[in-house]
Amino acid sequence: MKVIIIEDEKPSARRLNRMLEREEMQVEIMLHSVAESIEWFQNNVHPDLIFLDIQLSDGLSFEIFEVIEVTSAIIFTTAYDEYALQAFKLNSIDYLLKPIDEDELITAVQKYKARTPKAQNVQLNFEDIKKLLVNPIERTYKKRYTVKVGQHLKMIPIDEIECFYSENKGTYAYTVEGRNYLLETSLENLENELSPEIFYRVSRKFYVNINAIKDIISYTNSRLQIKLHNFHEQEIIVSRERVKDFKNWLN
């Protein structure tokens, strides 16, 4: 199987390459711009699978397809918020939000391998995708969560939640009052429900409220440790791959 990576951030491309090597997938070449990619496609046999960053240094990667007819399967890699990608979620093989999580990468590759050859050659409407990315739809986010407490239902305003976290296959909200509440949802589902200006997923296990952050401390292996005002039950660590995006989110 021929695989290529199109990614303008060379450290990200190398990291993705290493993850694919661990899955015994050999990357033929790493391309870093629209112009370089067009030239390569014009002079080489197209691959089976492309890992494609949406935003490249010299433009949107969709510009490649305005010049070249590419029939390869595509797994998009992007820092865009997930909701902006709904236009092609059902048509593309998959997409991976940066920083790429290795388990999510494995799932995407398995999904690709499981598809029939006919299903892998999808036709995407890149114009519709570009419009959505440039002018994202207006979103409304959750203002409260309703949880069951004994025989009662309790409404928790979103601004009273310090963090969300997963534990023993359950998803919990931790409030400023120091209470844990079990939710009937998953961390993955929260992604579409929480305002990205207020909540950030610092790891596979935690979402934190920016207003609940008390301190941020340098941690081992270039990671960060977050201290919240009231939550002290577990360490909250920003993984090394998410540190840059986390700092951008703070600003």
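**Two open sheets and a helix in a predicted model**

Q: In what order do the five strands of the open sheet stand?
A: This is a predicted model. Five of its strands form an open sheet, with antiparallel pairing. The order is E12-E11-E10-E14-E13.

Q: Which strands stand at the edges of this sheet, and why is one side of each left without a neighbour?
A: An edge strand here has a single partner strand, so one side of it is left without a neighbour in the sheet. That holds for strand E12 (180–183) and for E13.

Q: By how many degrees are neighbouring strands of this five-strand sheet turned against each other on average?
A: Direction is ignored for this angle. The average turn between neighbours is 20 degrees.

Q: How many bridges join E10 to E11, and which residue stands opposite Ile161?
A: Strand E10 covers residues 161–167, and strand E11 covers residues 170–175. The two run antiparallel, joined by six bridges. Opposite Ile161, in E11, stands Thr175.

Q: Which strands are the edge strands of the three-strand sheet?
A: This open sheet has the order E15-E16-E17, and its pairing is antiparallel. An edge strand pairs on one side only. The edges are strand E15 (213–218) and strand E17 (236–238).

Q: By how many degrees are neighbouring strands of the three-strand sheet turned on average?
A: Again, direction is ignored. Neighbouring strands are turned against each other by an average of 30 degrees.

Q: How many bridges join E15 to E16, and which residue stands opposite Asp215?
A: E15 and strand E16 (residues 224–228) run antiparallel. Five bridges join them. The residue in E16 opposite Asp215 is Lys227.

Q: Which helix packs on this sheet, and what angle does its direction make with that of E15?
A: The helix spans residues 243–250 and touches E15, E16 and E17. It is H9, and the angle is about 145 degrees.

Q: Why are the buried residues of H9 on the same side of the helix?
A: Val243, Phe246 and Trp249 are buried in H9. An α-helix has 3.6 residues a turn, so residues three or four places apart point the same way. The three buried residues are on the same side of H9 because they cover an arc of only 120 degrees.

Q: Which strands do the buried residues of H9 pack against?
A: H9 packs on the sheet, touching E15, E16 and E17. Its buried residues also pack against strand E13 (199–201) and strand E14 (206–209). The full list is E13, E14, E15, E16 and E17.

Conventions. Residues are numbered from 1 along each chain as its sequence is written. This is a predicted model: local features need pLDDT of at least 70, side-chain atom pairs count only at pLDDT 80 or more; totals for chains, interfaces and linings use all residues. Side-chain values use heavy atoms; hydrogens and water are left out. Two strands pair if DSSP finds at least two bridges between them. Helices (H or I, at least four residues) and strands (E, at least two) are DSSP runs, numbered from the N terminus. Axes are lines fitted to C-alpha atoms, for helices over the stretch in contact, and angles run from 0 to 180 degrees between N-to-C directions. Contact means heavy atoms within 4.5 Å. Buried means under 20% relative accessible area, exposed over 50%, partly exposed in between (1.4 Å probe, protein chains only). The arc is that of the directions from the helix axis to the C-beta atoms.
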